[in-house]
Amino acid sequence: MARYDFIIKGGRYFDGTGALSFTRNLAIKDGRVVRVTADPIADDDAERVIGASGLWVMPGFLDTHTHYDAELLVSPSLSESVRHGVTTVLVGSCSLSMVCSDYEDASDIFTRVETVPRERVLPILKAHKTWSTPRQWVEHLRQVPLGPNIISFLGHSDLRVGVMGLSRATDLSTQPTEEELKTMERLLKEALDEGFLGLSTMCLKWDKVDGDREWSKSLPSTYARWSEIARLNKLVRAYNRVHQGAPNAATPLQILQYVRECLGWLRQPLKTTLISQMDLKGSAYLTNLTKLTSRVTNALRGDFRWQVLPTPFTVYADGIDVVFFEEFGAGEMALDLKDAVERNDLLKDESYRRQFRKFYGEKLSPRVWQRDFGDAMIIDCPDAALIGKNFEEVARARGVHVVDLFLDLVVEFGRNIRWYTTVGNHRKQVLKRLVKDPRSLITFSDAGAHIRNMAFYNLPLRMLKLVHESINGGDPIMTMEQAVHRLTGDQADWFGVDAGKIREGDRADVVVIDPAGFNQDLEQVHWGEMENFDLQRLVNRNPGIVKTVLINGRLAVDDEQFSPSFGREMGYGQFIPAR
């Protein structure tokens, strides 16, 4: 019998700590890295030899902001992430786990926010959800053939609905009773004991509930008083775990509530990560505010990290159906209407159009979307003459206001007019400064959600390419060793999980990549099947980069192809509890 399961031979070895990289040989046995050496290892010592000459060998990437919660139920391989070298995935973000609430409530707080159709998610939850506590959810995960390893937050909206019910949890006049608060604490404590990373909350009002019962109310977490959040945070702090939050973009100073919770003058700091630091076209000054917040909070004994997307934030839209229209009143009014006839009647109404034009013209209020249809390119439309033009060009040619032109096209074509715009991270030099900040988290892929709106499944590769190009251009953002560390060991250490490094004795989550593949466009999107959902979604396809992926010492991707047993057999990914 061979001494090792695998030898990875002659690659440039990054251990995930940020230490210098060297040419090394790795030996893997029983799911662990057992030897890292510059000395030759005989090929006969392994069941399989993987040649890595000219390639980079590094720990599997962590994706620490996804919404794979529903997909885990029927497609636990999560292959869209694994194909890009992701071996550990965090779910339960933005207050939206699927743990405590019943199947219909879990669907309704998830589907509209994350733009995955309710008619697909609800039947899946009804058929598969048998748990209602964190312990039961973890036990379920141990029974399914996971692709990557799973780590999780407990979502506050999920927790609140599980205890209070959807109607009471979304009623501004109703607050939880003392008994309900104690139940929330009990469930959160159970989650922390089971190894959940902490609590995720939401203050952004534009994330709305689906379904017929409480349609278009904001997420349950937004109805909680801060005293409720602070009470739950006491448990999170006691376990030295993490609070993930999302401030209300319309009230930037609300961030001070998170800062106050994070600070550790006379107590242990509360690890806090917020969504998201971005160079927004419409609110460029917010970058300076977020930078100041991070520096001050960490200087005052906080433990604070913004989430940073290391690539332009490009969003695709079908007609008016895109979430950033929720941030101003006229857009919110349209999206609140399910019925197409009612919506079209509203869009044709002149008083409504005046209101829309007023909001569109406001350029100083805090906002995510830059409110510039001249910066929005039409990429699909029944009227082929419009394809390849922006809305401003078409409006000028027709001699109408651009808002009227947009609303006319939505009335005429509905969701069949498709367009995109880049909302932020458009200035490469500013983006480089954002990713360089050592107190940021390189994350925010939103994998598994917004399936027609955006695709950042290859986020780690985009980060490596950004750094690789800066090094080759003679103006390095950081060393390549530091870049790998930011995507692996840095995040694993901060979240407190056993992942992100491949030293002797470490878990054998390993990725082998070919840096020559970075010469392609990593921002390009394609349509791909969303397995077991009967849907197509935006994905990334980057042939020639990720050659090999091992998860817990098992071969998941071999020469860019999924292994036959991947996604079908147990033993690849597992639930990793926080330390």
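**Cavities, pockets and sheets**

Reader: How do the residues lining the largest cavity divide by class?
Author: 25 nonpolar, ten polar and four charged. Ala, Val, Leu, Ile, Met, Phe, Trp, Tyr, Cys and Pro count as nonpolar, Asp, Glu, Lys and Arg as charged, and the others, Gly among them, as polar. This is a predicted model, where local features need pLDDT of at least 70 and side-chain atom pairs need 80 or more, while totals for chains, interfaces and linings use all residues. Residues are numbered from 1 along each chain as its sequence is written, and side-chain values use heavy atoms, without hydrogens or water.

Reader: How many cavities of 30 Å³ or more are there in the whole structure?
Author: Three. A cavity is a set of points on a 1 Å grid, over the protein atoms alone, where a 1.4 Å probe fits but cannot get out; lining residues have an atom within 4 Å of a point. Points are joined across faces, edges and corners, and a volume is the space filled by probe spheres set on them.

Reader: What volume does the largest cavity have?
Author: About 800 Å³. It has 39 lining residues, and Leu204, Trp206, Ile275, Ser276 and Val368 are the closest to its centre.

Reader: Which elements give two or more residues to that lining?
Author: α4, β12 (271-277), α12 (285-299) and β14 (313-318). The largest share is from α12, with five residues. Helices (H or I, at least four residues) and strands (E, at least two) are DSSP runs, numbered from the N terminus.

Reader: And the second largest cavity, how much space lies in it?
Author: About 50 Å³. Its lining is Asp69, Leu72, Leu73, Val91, Ser97, Met98, Val99, Trp131 and Trp137. That makes seven nonpolar, one polar and one charged.

Reader: Switching to pockets. What is the volume of the largest pocket?
Author: About 980 Å³. A pocket is an open set of grid points with protein on both sides within 12 Å along at least five of seven lines. The largest one has 37 lining residues, and Thr115, Trp215, Asp321, Arg343 and Arg415 lie nearest its centre.

Reader: What classes line the largest pocket?
Author: 15 nonpolar, eight polar and 14 charged. At least two lining residues come from each of α4 (111-114), α5 (118-128), α14 (340-348), α17 (402-413) and β20 (535-539).

Reader: Which residues lie nearest the centre of the second largest pocket?
Author: Ser77, Ser79, Glu531, Phe562 and Phe566, out of 17 that line it. The pocket holds about 320 Å³ of space. Its lining has five nonpolar, four polar and eight charged residues. α1 (71-74) and α2 (79-82) each give at least two of them.

Reader: Now sheets. What is the strand order in the open sheet of six?
Author: β9-β10-β11-β12-β13-β17, with parallel pairing. Two strands pair if DSSP finds at least two bridges between them. The edges are β9 (154-155) and β17 (441-442).

Reader: How many bridges join β13 to β17?
Author: Two, with β13 spanning residues 303-308. Val308 has Ile442 of β17 as its bridge partner.

Reader: What about the order in the open sheet of three strands?
Author: β14-β16-β15, and the pairing is antiparallel. β14 and β15 (377-380) each have a single partner strand, so each has one side without a neighbour in the sheet. Twist averages 35 degrees from one strand to the next. Axes here are lines fitted to C-alpha atoms (for helices, over the stretch in contact), and angles run from 0 to 180 degrees between N-to-C directions.

Reader: Which residue in β16 is the bridge partner of Ile378?
Author: Trp419. Three bridges join β15 to β16 (residues 418-424).
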